[in-house]
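Student: I have a sequence and a structure to look at, and I would like to understand the words used for them. Can we go through some of the terms and the reasoning behind each?

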Amino acid sequence: MENGRGQVDCLESTLEKSLQTKFPSDLKVSILLDFTRGSRGRKNSRTMLLPLLQRFPEQVRVSLFHTPNLRGLLRLLIPERFNETIGLQHIKVYLFDNNVILSGANLSDSYFTNRQDRYVFLQDCPEVADFFTELVGAVGDVSLQLRGDDTVQVAEGMVHPYKGDRAAYCQAANKRVMDVINSARTRQQMLHAQTFHSDSLWTQEDAAAAGDRRPAPDTWIYPLIQMKPFEIHIDEIVTETLLTEAERGAKVYLTTGYFNLTQAYMDLVLGTRAEYQILLASPEVNGFFGAKGVAGAIPAAYVHIEQQFYSEVCSLGQQERVQLQEYWRRGWTFHAKGRFTGTWRPRLPL
């Protein structure tokens, strides 16, 4: 949450108001963060949220996901910030009743001022909200639970993520998350079956006469999950399928603030016939540009990866089919995976 003091104050004010009503409040606040990133430094997300836990212990839950890959001597020796490279909980979703916001934001000040990112607002979508609520709850269940004295504990019946048996923890986590995914699949299959049955019996005029004037759905939403330690690769499988089936004449748009395609993705991009436009962050708008120490070299590292990829594009004579472009906007940083605004500039010979 970084500099999210304002967001915490807003939650506290809302929780206070909920206690002032004549009836018992059913308002619940559930927050899921990454353990290593949320615990970085002396002032961090944990310390920021402690007052909420202390004042509203029955209404607030703070879960800190700890990757099972960071354990033993590795956990003791790798310093802060660098330990985040071992694994992160990176879900960026905000749920309010039946409304869902999907973003890349960490709720720091820059995300609301001069950082170009993705923001998708799904209003009044109970099915999507229910799915993400259950997903956040499931990941929270396999995470460490923050307590009011700034200690953490494992949820009842759960294996410890870095002190317990790794295989047993991953197996338990896989089951908990897959239960959510399978339950959502079952609900959707039942909904589709009901919709098909209804459509076969009712005409559009019948529905209008009955007062149902909702427009036919024209947008499909497919939440994709990727949790490699738990052997969940849905996002990877779908992405590879989309890239594989992209035919000649199709246009594929990829955008990322940190260009680092897997070898499998690079092979698919270079081996298919679709046209690709890949939007990247220029070094100047990389979030690590100008940082002190090793972090300051990160933009150059991504440029090096980009150069290697583009060299392969050129060696195959695919410059017209696979185009790389850089986002640049004075005073801004770029972190988007979706819609964008600003200046594009072609990546000239590297």
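Student: What makes E3 and strand E4 (residues 99-103) a pair, and in which sense do they run?

Tutor: This is a predicted model, and in it E3 and E4 are joined by 4 bridges in the antiparallel sense. Pairing requires at least two bridges, so with 4 bridges E3 and E4 pair. One of the bridges has Leu95 with Val100 of E4 as its partner.

Student: Which strands make up the sheet that holds E3 and E4, and in what order?

Tutor: The order is E3-E4-E6, an open sheet of 3 strands with antiparallel pairing. Strand E3 (93-96) and strand E6 (119-122) are called edge strands; each pairs on one side only. The average turn between neighbouring strands of this sheet is 10 degrees, direction ignored. Helix H5 packs on this sheet and touches E3, E4 and E6; the direction of H5 makes about 115 degrees with that of E3.

Student: How do you know that the length of H5 agrees with what a helix should span?

Tutor: H5 has 16 residues, and at 1.5 Å a residue the expected span is 22 Å. The end C-alpha atoms of H5 are 22 Å apart, so the two values agree.

Student: Which residues of H5 are buried?

Tutor: Among them are Val128, Phe131, Phe132, Leu135 and Val139. In general, residues three or four places apart on an α-helix point the same way, because there are 3.6 residues a turn.

Student: What is the order of the strands in the sheet with mixed pairing?

Tutor: That open sheet has 4 strands in the order E1-E2-E7-E8. Its edge strands are E1 (29-34) and E8 (152-154). Neighbouring strands here are turned by 30 degrees against each other on average, direction ignored. Helix H5 (residues 126-141) packs on this sheet as well, touching E1, E2 and E7. Strand E7 (residues 144-146) and E8 run antiparallel and are joined by 3 bridges; in one of these, Gln145 is matched with Gln153 of E8.

Student: Why is His66 called buried?

Tutor: The relative accessible area of His66 is 2%. Buried means under 20%, so His66 is buried.

Student: Where is His66, and which residues does His66 touch?

Tutor: His66 lies in the loop between E2 and helix H4 (72-77). Leaving out residues up to four places away in sequence, His66 touches Phe35, Arg75, Leu144, Pro161, Tyr162 and Tyr169.

Student: What makes the link between the side chains of His66 and Arg75 a polar contact?

Tutor: The distance is 3.0 Å. The cut-off for a pair of N or O atoms is within 3.5 Å, so this distance meets the cut-off.

Key: Residues numbered from 1 in each chain as written. Predicted model: local features only at pLDDT ≥ 70, side-chain atom pairs only at ≥ 80, totals over all residues. Heavy atoms only, no water. Helix = DSSP H or I, 4+ residues; strand = E, 2+ residues; numbered from the N terminus. Axes fitted to C-alpha atoms, helices over the stretch in contact; angles between N-to-C directions. Contact = heavy atoms within 4.5 Å. Buried < 20%, exposed > 50% of the residue type's maximum accessible area, 1.4 Å probe, protein only. Polar contact = N/O pair within 3.5 Å; in protein donor to acceptor, adjacent residues only side chain to side chain. Expected span 1.5 Å × (residues − 1).
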